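Q: Could we go through this model together, starting with its open spaces and then turning to the ligand and the backbone?
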Amino acid sequence: MAITITAFESSPDRGRGLARDMRVRWALEEVGQPYAVRLLSFAALKQPAHKALQPFGQIPTYEEGDLVLFETGAIVFHIAERYAGLLPADANARSRAIIWMFAALNTVEPPITERSNAVLTERDKPWTAERMPMLEDRIRARLADLSIRLGDAAWLDGDFSAGDLLMVHALQRLNASSPLLDEHPNLEAYITRAEARPAYKRAFAAQLAVWEASTG
Ligand code: GTB
């Protein structure tokens, strides 16, 4: 069944792989599934046609035959369930990999997103400078615990999984805007290892090409 996803026609990250279609592209590349992309303007995101697919007016969405999905966690989970390559076959190992999908989305990513929002949209507010140390301490605490758990392992639990994919993408948001990761060389190496995967490189090149085309 043909797969179509949505993405920004002109991404605010200028093709650095930070917009969330990158997760879906990367997951599809890991499992070897081709996909088409429908590019949307910010205005189109808020139109009824897109909101029928994504009630919050965001990218990405995922269409496969009659199936329409939104939320990158659900989309990556669907891809990992349907196609081999992102979750182990052993039931317990699979459940442990799924833990890391939830940990990435529910425990590690929220403080990172909170800080990014403060930097991107609240920079000029009088309280942002006062709030920033607190936001960064919350991230620091998560990174310290994650770093200890990862130790010198290549991936969070055995082979590379959908949990690593979501975790790395959450952490990359920090790489772009803060030195917090510098405190944890093993997390930096973890990101570098993930970025060296051929599937990651193909996904990154595809979304960068969209940005380059949009700038002529
Ligand atoms: N929980 C949803 C999911 O995981 O699918 C969140 C989806 C989401 O945040 N989508 C964003 C969006 O459509 C784009 S990716 N925003 C438009 C809107 O809400 O109106 C988030 C994002 C945006 C910009 C950068 N950047 O510039 O670095 C990085 C990530």
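Q: What volume does the largest pocket have?
A: The largest pocket has a volume of about 950 Å³, where a pocket is, on a 1 Å grid over the protein atoms alone, an open set of points with protein on both sides within 12 Å along at least five of seven lines, and lining residues have an atom within 4 Å of a point. Grid points are joined across faces, edges and corners, and a volume is the space filled by probe spheres set on the points. Of the 36 residues that line this pocket, Phe8, Leu18, Ala19, Arg20 and Arg173 are the closest to its centre.
Q: Before we go on, what sort of model is this, and how are its residues numbered?
A: This is a predicted model, in which local features need pLDDT of at least 70 and side-chain atom pairs count only at pLDDT 80 or more, while totals for chains, interfaces and linings use all residues. Residues are numbered from 1 along each chain as its sequence is written, and side-chain values use heavy atoms, with hydrogens and water left out.
Q: Which helix gives the largest share of the pocket lining?
A: H5 gives the largest share, 9 residues, and helices H2 (42-45), H4 (72-82), H5 (91-121) and H7 (162-175) each supply at least two; helices (H or I, at least four residues) and strands (E, at least two) are DSSP runs, numbered from the N terminus.
Q: And what occupies the space of the largest pocket?
A: The ligand takes that space, the criterion for sitting in a pocket being that more than half of a molecule's atoms lie within 2 Å of its grid points. The ligand is surrounded by 14 residues, of which Arg20, Lys46, Ile59, Glu71 and Thr72 are the closest, and a residue counts here if one of its heavy atoms lies within 4 Å.
Q: How far are the polar side-chain atoms of Lys46 from the ligand, and what about Thr72?
A: A polar side-chain atom of Lys46 lies 2.6 Å from an oxygen atom of the ligand, and an N or O atom in the side chain of Thr72 is also 2.6 Å from a ligand oxygen. From the backbone, an N or O atom of Asp13 lies 3.4 Å from an oxygen atom of the ligand. Taken alone the ligand exposes 680 Å², and the protein buries 80% of that, with accessible areas from the Shrake-Rupley method with a 1.4 Å probe.
Q: Switching to the backbone, which peptide bond is cis?
A: The bond from Ile59 to Pro60 is cis, with omega near 0°, and Pro60 is placed in the loop between helix H3 (48-51) and strand S3 (61-64).
Q: Where does Arg14 lie, and what is its phi?
A: Arg14 lies in the loop between S1 and H1, and its phi is near 55°, a positive value in a residue other than glycine. Most residues other than glycine have a negative phi, and most peptide bonds are trans.

Key
On a 1 Å grid over the protein atoms alone, a cavity is a set of points where a 1.4 Å probe fits but cannot get out, and a pocket is an open set with protein on both sides within 12 Å along at least five of seven lines; lining residues have an atom within 4 Å of a point. A polar contact is a pair of N or O atoms within 3.5 Å; within protein, one must be able to donate a hydrogen and the other to accept it, and residues adjacent in sequence count only if both atoms are side-chain atoms.
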